[in-house]
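Colleague: Could we go through the labels attached to this model? I would like to hear the reasoning behind each of them.

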Amino acid sequence: MSELSVNHLLGIKYLNESDIQLIFETADHFKEVINRPIKKVPSLRDITIANLFFENSTRTKLSFELAEKRLSADVINFSAAQSSVKKGETLIDTVNNILSMKVDMVVMRHPNPGAGVFLSKNVKASIVNAGDGAHEHPTQALLDSYSIREKLGDVNGKNIVIVGDILHSRVALSNIFALKLQGANVKVCGPKTLIPKFITSLGVEVETNLKKALEWCDVANMLRVQNERMDISYFPSTREYTQQFGVNKALLDSLDKEIVIMHPGPINRGVEITSDVADSKQAIILNQVENGVAIRMAVIYLLASKIKQ
Amino acid sequence: MSQKVLLSAKEINIILHRLACQLIENHIDFKNTVLIGIQPRGVFLAERLKKILTEDYNVAHIKLGYLDITFYRDDFRRSDKPLEANKTKIDFLVEDKNVVFIDDVLYTGRSIRAALTAIQSFGRPNEIELLTLIDRRFSRHLPIQPDYRGRQVDAINQEKVKVMWKEQEGEDKVYLINK
């Protein structure tokens, strides 16, 4: 077994294919661990990890924290809302203050794209990007690919469509990088206003007709409309968005094959997918959440093994 | 690099049968006993013993699992080589069971120390025994000794004991390799 080619997980962009395979193989072992009666291994008992969340999160934060605890790491949590950031402290100062408490690894979510890269160049710790603005969300993309691999056996050669707000989505960008790296065919689908102009330069196709996109694909990854990042109106109304880009049971039943439905959460039920689709057998949304813990354990374990004593 | 044969295929076969008989002596019908092969190299020995017990001594229903100890090792971040994980496959609980750990070579005892911690994730065993084909005596770092041993070997630290299996390497043989 080799080791990761990187010392930080800042984005899928910085990984190669064998890194992804190594993470998946390691996650297989951890998935077995988290299904044991006692779901914990002592590997990281001498590692301390700080979770710095400068932006709201439920799933990712819990998932990271659980992964860290399952590996026996010591964990400290930080949310920007209750911190000195509000008093005007810079990011480097905040992090260096935390690191002087002998922290080995930082898991960070930040509203600014590139915050992780910036930090990795300025502080001495392994950085895991848990989402930086509309840039990347690497662990989400890894767990999405891992869930596809688990469901369909392989990612290579599969047709995957990402539907929704591509413009504001770090999940979309990381997914595109990860899927292309593994040899999948990727299309994006959504209102033209929410598809970045140069997205085709990443080797993906644009499809504005949802029905056609679903007929083509094996997997549809449904994204949420990120109203909180929208400074202007990108489509006339939520109702119109749902009519054109929402997936419902009738639409799925009209296809001649059964496709897999994914969603990174949080779901806006009745907007991008209806409840009967979200709760159907075709949806692997809750498998994604379970796999998220295994994937994050693998990433943290592999990065920690590169921190020399 | 020189190597010398410690055990031939014939000797290994005799030893495996003796070990199987010793297991039967203590566990009789194996009703409350489970065999655990330690990954990666202990599983071949465990498989072989299970085969002998079932086919040659008619012991029915032997429970066999594989235990990977990678995440329990004490040299994480200390060893130069990255630690390689293997599959754990234990589809039963070891609660109140008599567990027999099976590994090919007992050297420092650190793997067994890790296995003792790892097995606790699957319940609280009644007792744990250790069976090894090769016992490298005088080289232990921990107070761990086998309950069943195939052959005791004196080997110095620069030497390596390599157990080969027909299923894996094409021959049954134990070599002492001088690096």
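Modeller: Happily. This is a predicted model, and a good place to start is B:Asn58, which is exposed, with 7 other C-beta atoms within 10 Å.

Colleague: Why is B:Asn58 called exposed?

Modeller: A residue counts as exposed if 12 or fewer other C-beta atoms lie within 10 Å of its own. B:Asn58 has 7, so the label exposed follows. The residue lies in the loop between α2 and β3 (63–67) of chain B.

Colleague: What sign does phi of B:Asn58 have, positive or negative?

Modeller: Phi of B:Asn58 is positive, about 55 degrees, although the residue is not a glycine. B:Phe138 also has a positive phi, near 65 degrees, and is likewise a residue other than glycine. B:Phe138 sits in the loop between β5 (127–136) and β6 (148–153) of chain B.

Colleague: How do you know whether B:Phe138 is buried or exposed?

Modeller: By the same kind of count. B:Phe138 has 9 C-beta neighbours inside 10 Å, and the cut-off for exposed is 12 or fewer, so B:Phe138 is exposed.

Colleague: On to the helices of chain B. What makes α1(B) roughly perpendicular to α2(B)?

Modeller: Helix α1 (residues 9–27) of chain B packs against α2(B) at an angle of about 70 degrees, and their axes are 10 Å apart. Angles of 65 to 115 degrees count as roughly perpendicular, which is why α1(B) and α2(B) get that description. Their crossing is right-handed.

Colleague: Which residues make the contact of α1(B) with α2(B)?

Modeller: From α1(B) they are B:Leu16, B:His17, B:Leu19, B:Ala20 and B:Leu23, and from α2(B) they are B:Arg48, B:Leu49, B:Ile52 and B:Leu53. By class, that contact has seven nonpolar residues, one polar and one charged.

Colleague: Why are α5(A) and α6(A) called oblique to each other?

Modeller: Helix α5 (residues 138–152) and helix α6 (residues 170–181) of chain A pack at an angle of about 50 degrees, with 8 Å between their axes. Roughly parallel needs an angle under 35 degrees, and roughly perpendicular needs 65 to 115. An angle of about 50 degrees fits neither, nor is it over 145, so α5(A) and α6(A) are oblique. The crossing of α5(A) and α6(A) is right-handed.

Colleague: What classes of residue are in the contact of α5(A) with α6(A)?

Modeller: Seven are nonpolar, four polar and one charged. Among the residues making the contact are A:Pro138, A:Leu142 and A:Asp144 of α5(A), and A:Val171, A:Ser174 and A:Phe177 of α6(A).

Colleague: Where are the cis peptide bonds you flagged in the two chains?

Modeller: In chain A, the bond from A:Gly265 to A:Pro266 is cis, with omega near -10 degrees. A:Pro266 is in the loop between β9 (260–262) and α10 (275–278) of chain A. In chain B, the bond from B:Gln39 to B:Pro40 is cis, with omega near -5 degrees. B:Pro40 has its place in the loop between β2 (33–38) and α2 (42–55) of chain B.

Colleague: How many residues are in contact between chain A and chain B?

Modeller: 15 residues of chain B are in contact with 16 residues of chain A. On the chain B side, seven are nonpolar, five polar and three charged.

Notes:
Residues are numbered from 1 along each chain as its sequence is written. Chains are lettered from A and ligands numbered from 1 in the order in which they are written. This is a predicted model: local features need pLDDT of at least 70, side-chain atom pairs count only at pLDDT 80 or more; totals for chains, interfaces and linings use all residues. Two residues are in contact if their C-beta atoms, placed from the backbone, lie within 7 Å. Ala, Val, Leu, Ile, Met, Phe, Trp, Tyr, Cys and Pro count as nonpolar, Asp, Glu, Lys and Arg as charged, and the others, Gly among them, as polar. Axes are lines fitted to C-alpha atoms, for helices over the stretch in contact, and angles run from 0 to 180 degrees between N-to-C directions. Helices (H or I, at least four residues) and strands (E, at least two) are DSSP runs, numbered from the N terminus. A crossing is left-handed if the near helix is turned anticlockwise from the far one by less than a right angle, and right-handed if clockwise. A residue is buried if 20 or more other C-beta atoms lie within 10 Å of its own, exposed if 12 or fewer, and partly exposed in between; C-beta atoms are placed from the backbone.
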